[in-house]
Amino acid sequence: MKKFPLLITAIFLSFSLLLTACGNNATQEEAKKENTTAKEETTDLLAKVKKEGELRIGTEGTYPPFTFHDKNGELTGFDVEIAKEVAKRLGVKPVFMETQWDAMFAGLDAKRFDMIANQVGIRPDRQEKYDFSIPYTTSAAVLVVHKDNKKVSKFEHIKGLKSAQSMTSNYADLARSYGAEIVGVDGFNQAIELLRSKRVDATINDKLSVLDFLKQKPNAPIKIVATHKDASQSGLMFRKGSDTLVAEVNKVLKEMMKDGTYQKISEKWFGQDVSK
């Protein structure tokens with residue numbers, strides 16, 4: 001009689017252990033599936049983009065002639081047209097998500113968009129964390145001051161002076177290297193406005209952007225006083241692990257350059273091929 005309760009207890013314990021083991025196995029399987037899904041989304045972003053039928057693109061919308069709003073309020077610019085053509089050739093819809101420059105990288109990290117089209121300079125520290133397409137523009141930095149400024153004629157002269165820059169841009173780094181005091185701005189237009197009103201002494205920016213601005217507003221009281229010796233290259237930027245999408249975008253960019261589409265867009269905005 002005493003053995004019967006012991007037998008019941010043994011059976012109960014065995015059944016409990018079996019349920020626990022099954023539960024653990026189920027949990028492990030679920031975790032494995034989640035990890036696999038996350039890995040697939042990272043390594044095959046191209047498939048995800050094509051499945052959803054859209055390419056989400058981060059851009060400023062305040063940086064003419066690359067990405068800005070025209071007189072009708074439509075988003076346009078060199079980078080916008082390049083990104084649209086890339087999406088078209090991928091067979092998906094371009095969805096532009098406008099974001100301030102200083103929040104753009106965080107937006108890419110948070111997967112708000114799939115790539116950035118905003119003249120992002122290709123440099124080693126960024127390449128450690130992000131993937132880039134092949135370069136699609138090459139340009140040099142220029143030093144811009146007010147027309148009344150007779151004291152600044154080269155980069156070395158901005159030491160101790162106020163320079164309007166987007167805080168995390170290549171141009172802010174360049175201004176810092178010459179000892180300038182950085183005044184943070186949201187984009188190109190704000191930097192030029194501060195310069196026009198003499199609230200800053202200078203700004204360092206992309207030569208193509210400044211030339212386009214002066215073409216549109218020849219009476220603006222600003223001038224280019226120096227061009228930096230080092231040219232920089234920009235590329236479309238992606239999260240690390242976006243290998244399939246980057247490879248396909250590179251293929252598309254090369255096709256655009258080969259068949260003359262890129263040159264047509266480039267000449268429309270700058271009058272020349274800006275890939276070289």
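A strand, as the word is used here, is a DSSP run of type E with at least two residues, and strands are numbered from the N terminus. Keep that in mind at the start of this tour, which goes through a predicted model.

**First stop: asparagine 118**

Select asparagine 118, which lies in strand β5. Is this residue buried or exposed? Its relative accessibility is 1%, and because buried means under 20%, asparagine 118 counts as buried. If you now show what surrounds it, leaving aside the neighbours within four places in sequence, you will find asparagine 118 in contact with Thr59, Glu60, Tyr63, Thr67, Asp79, Trp101, Met104 and Tyr136.

**Second stop: serine 139**

Move on to strand β7, where serine 139 has its place. With a relative accessibility of 9%, serine 139 also counts as buried. Draw a distance from its C-alpha atom to that of glycine 121, and the viewer should give 9.9 Å for two residues that are 18 residues apart along the chain. Beyond four places in sequence, the residues in contact with serine 139 are Asp206, Lys207, Leu208, Ala231 and Ser232. Turn on the side chains here, since the side chain of serine 139 makes a polar contact, at 3.0 Å, with the side chain of aspartate 206.

**Third stop: helix α8**

Stay with aspartate 206 and look at what it does for the next helix: it caps the N-terminal end of α8, with a side-chain oxygen 2.9 Å from the backbone nitrogen of leucine 208. Now select the whole of α8, residues 207-216, in which Leu208, Ser209, Val210, Asp212 and Phe213 are buried. Colour these residues and follow them outwards to their partners, for they pack against β7 (137-146), α7 (188-196), β10 (203-206), β11 (222-239) and α10 (261-270).

**Fourth stop: helix α7**

Select α7 next, and pick out its buried residues, which are Phe188, Ala191, Ile192, Leu194 and Leu195. Turn the view until you look down the axis of α7, and you will see that these buried residues fall within an arc of 160 degrees, so they line one face of the helix. Their packing partners are β7, β8 (162-165), β9 (181-184), β10, α8 and β11. After α7 comes lysine 198, whose phi is positive, near 65 degrees.

**Fifth stop: the largest cavity**

Now show the enclosed spaces, of which there is 1 cavity of 30 Å³ or more. The largest cavity has a volume of about 300 Å³, and 27 residues line it, with Tyr63, Gln119, Ser169, Tyr171 and Asn205 lying nearest its centre. The elements that give two or more residues to this lining are β5 (115-121), β7, β8, α6 (170-177), α7, β10 and β11. Which element supplies the largest share of the lining? That share, 4 residues, comes from β10. Coloured by class, the lining of the largest cavity shows 8 nonpolar, 16 polar and 3 charged residues.

**Last stop: the largest pocket**

Finish at the largest pocket, which has a volume of about 330 Å³. Select Pro64, Phe68, Asn189, Phe213 and Lys217, which lie nearest its centre among the 16 residues of its lining. At least two residues of the lining come from each of β2 (68-69), α7 and α8, and α7 gives the most, with 5 residues. By class, the lining of the largest pocket divides into 6 nonpolar, 6 polar and 4 charged residues.

Definitions and conventions:
Residues are numbered from 1 along each chain as its sequence is written. This is a predicted model: local features need pLDDT of at least 70, side-chain atom pairs count only at pLDDT 80 or more; totals for chains, interfaces and linings use all residues. Side-chain values use heavy atoms; hydrogens and water are left out. Buried means under 20% relative accessible area, exposed over 50%, partly exposed in between (1.4 Å probe, protein chains only). Contact means heavy atoms within 4.5 Å. A polar contact is a pair of N or O atoms within 3.5 Å; within protein, one must be able to donate a hydrogen and the other to accept it, and residues adjacent in sequence count only if both atoms are side-chain atoms. The arc is that of the directions from the helix axis to the C-beta atoms. On a 1 Å grid over the protein atoms alone, a cavity is a set of points where a 1.4 Å probe fits but cannot get out, and a pocket is an open set with protein on both sides within 12 Å along at least five of seven lines; lining residues have an atom within 4 Å of a point. Grid points are joined across faces, edges and corners, and a volume is the space filled by probe spheres set on the points. Ala, Val, Leu, Ile, Met, Phe, Trp, Tyr, Cys and Pro count as nonpolar, Asp, Glu, Lys and Arg as charged, and the others, Gly among them, as polar.
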